[in-house]
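Trainee: Please take a close look at one part of this model for me, namely the aromatic rings of the membrane chain and what sits around them. I would like the full story in one go.

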Amino acid sequence: MRAIRKKRLGLILLMVAGVAVAVGLTLMALNENINHFYDPTQIKAGEAPDNHIFRVGGMVVDGSVRRNEGDINVEFGLTDYKESVTVRYSGILPDLFREGQGIVALGKLDSEGVFVAEEVLAKHDENYMPPEVADSLKKSASADK
Amino acid sequence: MNIFMKWFHRLGSPPWFYNISGKLIPWFAVTTILTLVVGMYGGLILAPADYQQGDSFRIIYVHVPAAWMSLFIYIVMAVAGAISLVWRMKMADVMLISSASVGASFTFIALVTGSLWGKPMWGTYWTWDARLTSELLLLFLYFGIIALYNAVEDRQTASRAVAVLTLVGVVNIPIIHYSVEWWNTLHQGTTVARMDGPAMDSSMLWPLLTMAVCFKLYYIWVLLVKARAELLSREINNGWVRELVGGKANG
């Protein structure tokens, strides 16, 4: 490689590295804001904002979903397997909402520490399989117990 | 000079490229259509429904290959940009700018199909999580590259500016890929390219990989067609183009 080309290549690498460092530092500084949601442990630790709308994400606790007769109010527990919070919501839940499913809720904490949600979104995981495979996985999991 | 360098220099020669690409285009067109038929049949008919999402998951056969292409094409453009800046190779400029609109289209398709899937599954068309936002930024980068190229009159100056912009934007590519690991996102994690193997049943996976191959072939096909057109318009005053056009007019 001729000297001039080496120099140009060096300049390009320097430029890309410089931009990468600048963007990296910015993202690290903004880390808190880029996270789409807080988990229940962070809420219990008081990291979530008071009197301010934010998102909480976690798994719907098995057997915790309680629907009111006659209206669309629903209450359920949300856990990250360490801590959990109670979520209250009034509205239509997405198709994927079920017990044991990951969800993200947008709303505020009330004075009793209950999370009052304005919006509930289901979070899908990265696993794809046909129903028969899911069934046999479940069976083998319960056989292990 | 080794074979690779010889090939590299030949690729830099417009008449040679014009000639060889004309012969290659039909092959890429045929293989694109073949893999499309096989992939679509496998994905829409042979693959079983998902245990949670039912038939809605089938949008993955367009969404995921399109999203992969949106990243892949950008990386190709960044490499072309670096070659153009270091070796001042005309063909690299042509490849870069001819790829931009294809990349923008794939990014757009990934965003729209994801949004359509998001409404029934997540409960919303759009959310500002790290994956969605960085992919949207990629679309704007593609638009910026196309706009900048067309805004500058002189082709050589335009190409150089576009190469620099492309290389600056390449920082976004690892951010898109790792966004689902680095931050809490609504978008799910990586299914296929995982250390412990794909988290997808093989009956669903093969049509997805077939579609990924199909989209790659389609990209090469369209790239060759667009690069030829771009080359002719750039080299309009060169001997080989005149010979080509004149020869055809006389014959």
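Mentor: What follows goes from the annotated spans to the rings, and then to the charges and a backbone oddity close by in the sequence.

Some housekeeping comes before that. This is a predicted model, so local features need pLDDT of at least 70 and side-chain atom pairs count only at pLDDT 80 or more, while totals for chains, interfaces and linings use all residues; side-chain values use heavy atoms, with hydrogens and water left out. Residues are numbered from 1 along each chain as its sequence is written, and chains are lettered from A, and ligands numbered from 1, in the order in which they are written.

Chain B is the one to look at. An unreviewed UniProt entry puts the feature "transmembrane region" at residues 24–46, 66–87, 94–118, 130–149, 161–180 and 204–224 of chain B. Those positions are in the numbering used here, with feature names shortened, and such annotations may be inferred rather than shown by experiment. In the model, residues 24–46 of chain B are 100% helix and 0% strand, with 32 Å between the end C-alpha atoms. Residues 66–87 of chain B also come out as 100% helix and 0% strand, and there the end C-alpha atoms are 31 Å apart.

Now the rings. Phe, Tyr and Trp (its six-membered ring) count as paired if their centres lie within 6.5 Å; planes under 30 degrees apart are stacked, over 60 edge-to-face, and the rest tilted. By that rule there are 15 aromatic pairs over all chains. One of them joins F72(B) to Y219(B), edge-to-face, with 6.3 Å from centre to centre and 90 degrees between the planes. This pair bridges distant parts of the chain: F72(B) belongs to helix 3 (residues 60–87) of chain B and Y219(B) to helix 8 (residues 202–234) of chain B, 147 residues apart. Helices here are DSSP runs (H or I, at least four residues), numbered from the N terminus.

The two partners sit in quite unlike surroundings. Buried means under 20% relative accessible area, exposed over 50%, and partly exposed in between (1.4 Å probe, protein chains only). Y219(B) is buried because its relative accessibility is 3%, whereas F72(B), at 33%, is partly exposed.

Compare the tryptophans: W126(B) and W128(B) have ring centres 5.4 Å apart and planes at 80 degrees, so they are edge-to-face too. W126(B) has a relative accessible area of 27% and is therefore partly exposed, while W128(B) counts as exposed at 57%. Elsewhere, ring pairs tie F106(B), F215(B), Y218(B) and W221(B) into a cluster.

Back at F72(B), there's also a lysine: the charged end of K216(B) sits over the F72(B) ring, 4.7 Å from its centre. For that label, NZ of Lys or CZ of Arg has to be within 6 Å of the ring centre and within 35 degrees of the ring normal. An arginine does likewise, as the charged end of R228(B) lies over the ring of Y18(B), 4.1 Å from its centre. So F72(B) has Y219(B) as its edge-to-face partner and the charged end of K216(B) over its ring.

One last thing to check on your screen is R88(B), which has a positive phi of about 50 degrees despite not being a glycine. R88(B) is in the loop between helix 3 and helix 4 (90–121) of chain B. Its relative accessible area of 37% makes R88(B) partly exposed.

Terms used. Helices (H or I, at least four residues) and strands (E, at least two) are DSSP runs, numbered from the N terminus.
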